[in-house]
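Open the model in the viewer and show it as a cartoon, with side chains hidden for now. The stops below say what to select next and what is there.

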Amino acid sequence: MYEFTFLTPDRGAGFIKRLEGLGLEVRVAEDPIAEEATTISIPDDTDEDLLDQIEEWYEEETQAAEAELFASGEADAEVSAGVWVQLGDGRSTFAEVSPSMMSRMLSVLSADELGDFVSRIADAVENPDATPICRRVRSDES
């Protein structure tokens with residue numbers, strides 16, 4: 001499943017309507033720990049071109065919601081940013097990252113590349129491998 005997280009009062013309502021308008025199976029879940037967070041999931045077999053469009057919509061929605069919060073005075077001076085990390089046991093957790101660092105990372109990596117990078121780190125933490133790096137067999141060239 002592809003996941004999109006909203007930390008806004010509307011919980012991504014406009015985004016959900018757009019996804020449902022495409023006929024996609026949409027799952028909505030509130031985070032049990034961070035009650036203000038809503039995760040919206042769509043199938044991982046979604047067409048790549050369509051996924052690119054959906055990611056653009058996500059950016060538009062989050063930026064518009066953020067601008068509205070700042071305009072209304074309801075937002076803190078510091079914008080929250082981070083990465084959702086999927087754990088091997090099925091749980092996920094939000095790793096907070098400073099907005100400026102996130103912006104720099106996303107200026108050189110796509111969201112998919114960043115997600116892959118984070119997944120590899122999570123896997124390495126959950127499944128340590130003491131094999132020297134020069135003796136490891138690479139599973140891919142990414």
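## Overall view

Of the contacts in the protein with a separation of 6 or more, 51% are between residues 24 or more positions apart. The model is a predicted one. Keep the whole chain on screen: its secondary structure consists of four helices and five strands, and from the N terminus on the elements follow the order β-α-β-β-α-β-β-α-α. Colour by burial next; of the 142 residues, 27% are buried. With the surface switched on, the protein exposes about 9,900 Å², and carbon and sulfur atoms supply 51% of that area.

## The three-stranded sheet

Select residues 2–6, 27–30 and 38–42. The strands β1, β3 and β2 form an open sheet in the order β1-β3-β2, with antiparallel pairing. At its edges are β1 (2–6) and β2 (27–30), each pairing on one side only. Neighbouring strands of this sheet are turned against each other by 25 degrees on average, direction ignored.

Now look at the two pairings one at a time. β1 and β3 run antiparallel and are joined by five bridges; F4 stands opposite I40 of β3. β2 pairs with β3 (residues 38–42) in the antiparallel sense over four bridges, and the bridge partner of A29 in β3 is T39.

Add residues 13–21 to the selection. This is helix α1, which packs on the sheet and touches β1, β2 and β3; the direction of α1 makes about 10 degrees with that of β3.

## Strand β3

Hide everything but β3 and show its side chains. In a regular strand, side chains alternate between the two faces of the sheet. Here T38, I40 and I42 point one way, while T39 and S41 point the other way. Is β3 mostly covered, or is it mostly exposed? It is mostly covered, as five of its five residues are buried.

## The nonpolar cores

Select F4, F15, L19, V26, I40, I42 and I54. These residues have the most contacts inside the largest nonpolar core, which has 14 residues. The elements that give two or more residues to this core are β1, α1, β3 and α2 (48–72). The greatest contribution comes from α2, with four residues.

Centre on L19 for a view from inside this part of the model. Leaving aside neighbours within four places in sequence, L19 is in contact with L24, V26, I40, I42 and I54.

Then move to A81, V83, L114 and V118. They are among the nine residues of a second, separate core.

## T46, in the loop between β3 and α2

Go to T46, which is found in the loop between β3 and α2. T46 counts as buried because its relative accessibility is 7%, and the cut-off for buried is under 20%. Show the side chain of T46 together with the backbone of P43: the side chain reaches the backbone oxygen of P43 at 2.6 Å. Not counting residues up to four places away in sequence, T46 touches Y2, L24, L51 and I54.

## G12, in the loop between β1 and α1

Select G12 next, in the loop between β1 and α1. Is G12 buried or exposed? G12 is buried, with a relative accessible area of 0%. Which residues are in contact with G12, leaving aside its neighbours within four places in sequence? They are F6 and I40. Draw a distance from the C-alpha atom of G12 to that of I40: the two are separated by 8.0 Å, although the residues are 28 apart along the chain.

## E61, in helix α2

The last stop is E61, placed in helix α2. Its relative accessibility is 19%, so E61 counts as buried; the cut-off is under 20%. Show the residues around E61 to see what it touches: not counting residues up to four places away in sequence, these are F6, G14, F15 and R18. F15 was already selected as one of the residues with the most contacts inside the largest nonpolar core. F6 was also met at the previous stop, in contact with G12.

How values were computed. Residues numbered from 1 in each chain as written. Predicted model: local features only at pLDDT ≥ 70, side-chain atom pairs only at ≥ 80, totals over all residues. Heavy atoms only, no water. Pairing = 2+ DSSP bridges. Axes fitted to C-alpha atoms, helices over the stretch in contact; angles between N-to-C directions. Contact = heavy atoms within 4.5 Å. Core = buried A, V, L, I, M, F, W, Y, C linked by side-chain atoms within 4.5 Å. Buried < 20%, exposed > 50% of the residue type's maximum accessible area, 1.4 Å probe, protein only. Polar contact = N/O pair within 3.5 Å; in protein donor to acceptor, adjacent residues only side chain to side chain. Areas by Shrake-Rupley, 256 points an atom, 1.4 Å probe, with all protein chains shown as cover.
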